[in-house]
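This report looks at the charged side-chain pairs of one protein and at where they sit in the fold. Please keep the sequence and the structure in view while reading.

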Amino acid sequence: AALAVGPAAFATPASSHSCTQELASWINAHGGRVDLGAATVAGLRGLVAQSNSAVGDVLLEVPLECVLSTAGDGAPLPAEPPPWTASLPWNVQLALSALERERDEHWRPFLQSWPAESPALPLLLEPEALSAAQDDAFEADADAACFWLHEQYLEACDAAEAAGLDAPAEPAFRRALQLVWSRCLRLRAGPHGTRRLLVPMVDLANHDGVAPAALFAFSAAGRRGACVRLYAARPLE
């Protein structure tokens with residue numbers, strides 16, 4: 001997949017992105033490596049290279065133990081959704097997996113790097129804003145997505161009750177699902193099969209399908225084995 005990564009000259013002071021610094025330290029502590037930082041350019045937060053990089057250089061390496069994953073038919077991954085979510089759609093499973101891990105100290109640096117507010121997706125728009133778009137199909141799609149989200153919350157509540165667990169509050173569920181929609185990536189993960197993943201740091205990158213600066217891929221050659229890597233797709237100076 002094609003991502004945008006800025007040159008080091010765009011970097012902002014480290015103190016403005018302390019949460020990202022903690023996230024990078026967490027990845028490094030688990031055997032990964034990070035040669036990226038966060039920056040805000042024209043009001044948009046993204047990733048910047050910390051040093052000059054040539055095509056093919058590894059900008060980021062995230063061990064699979066630091067990645068949230070959907071379930072799959074291949075070899076298991078360390079952080080798949082809890083079994084009680086198996087009957088639910090993949091994106092709901094991934095959202096519930098993230099919510100369950102909020103109580104786990106291991107995942108705190110990753111999950112706290114997410115924004116407190118839900119992303120500005122169409123289904124969050126007020127009816128007046130949807131009408132202003134003057135697109136009946138767009139308005140109908142947004143209505144359908146909002147209905148689907150509420151329906152999935154009720155399904156999740158039933159699944160949690162059947163497992164003897166408490167369901168998350170609906171606002172937390174909605175936020176988690178919207179973050180999954182905006183941040184997950186689809187990846188062929190070698191013996192693990194094709195998965196949808198939430199990968200720390202990678203989820204901060206902006207997409208660029210015209211002149212990408214970086215590409216992500218699965219690798220079996222990480223410092224601690226299998227990982228997700230972000231490679232420079234062009235020189236970054």
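## Burial and overall fold

In this predicted model, 43% of the 237 residues of the protein count as buried. The accessible surface comes to about 11600 Å², and carbon and sulfur atoms make up 53% of that surface.

The protein contains six helices and eleven strands. Among the contacts with a separation of 6 or more, 67% are between residues that lie 24 or more positions apart.

## Salt bridges and the pairs around glutamate 61

Side chains of opposite charge can pair when their charged atoms come close. In this protein the count comes to six salt bridges, and glutamate 61 takes part in a salt bridge with arginine 33, where the closest N and O atoms are 3.2 Å apart. This pair links distant parts of the chain, since glutamate 61 belongs to strand β5 (residues 58–63) and arginine 33 to strand β2 (residues 33–34), 28 residues apart. The two partners can be described by their accessibility as well: glutamate 61 is buried, with a relative accessible area of 1%, whereas arginine 33 is partly exposed, with a relative accessible area of 28%.

Glutamate 61 also meets the side chain of arginine 229 in a salt bridge, at 3.0 Å from N to O. Arginine 229 lies in strand β11 (residues 225–232) and glutamate 61 in strand β5, so this salt bridge ties together parts of the chain that are 168 residues apart in sequence. Arginine 229 has a relative accessible area of 10%, and it therefore counts as buried, the cut-off being under 20%.

## Aspartate 203 and arginine 183

A further salt bridge joins aspartate 203 and arginine 183, with 3.0 Å between the closest N and O atoms. Here, too, distant parts of the chain are linked: aspartate 203 is found in the loop between β8 (194–198) and β9 (206–207), while arginine 183 is in helix α6 (residues 170–183), and the two are 20 residues apart.

How accessible is aspartate 203, buried or exposed? At 10% relative accessibility, aspartate 203 counts as buried, and its partner arginine 183 is buried as well, with a relative accessible area of 13%.

## A linked network

Salt bridges can also be followed from one residue to the next, as with Glu22, Glu105 and Arg108, which are linked in a network of salt bridges.

How values were computed:
Residues are numbered from 1 along each chain as its sequence is written. This is a predicted model: local features need pLDDT of at least 70, side-chain atom pairs count only at pLDDT 80 or more; totals for chains, interfaces and linings use all residues. Side-chain values use heavy atoms; hydrogens and water are left out. A salt bridge is a side-chain nitrogen of Lys or Arg within 4 Å of a carboxyl oxygen of Asp or Glu. Helices (H or I, at least four residues) and strands (E, at least two) are DSSP runs, numbered from the N terminus. Buried means under 20% relative accessible area, exposed over 50%, partly exposed in between (1.4 Å probe, protein chains only). Contact means heavy atoms within 4.5 Å. Accessible areas come from the Shrake-Rupley method with a 1.4 Å probe; for residues, only the protein chains shown count as cover.
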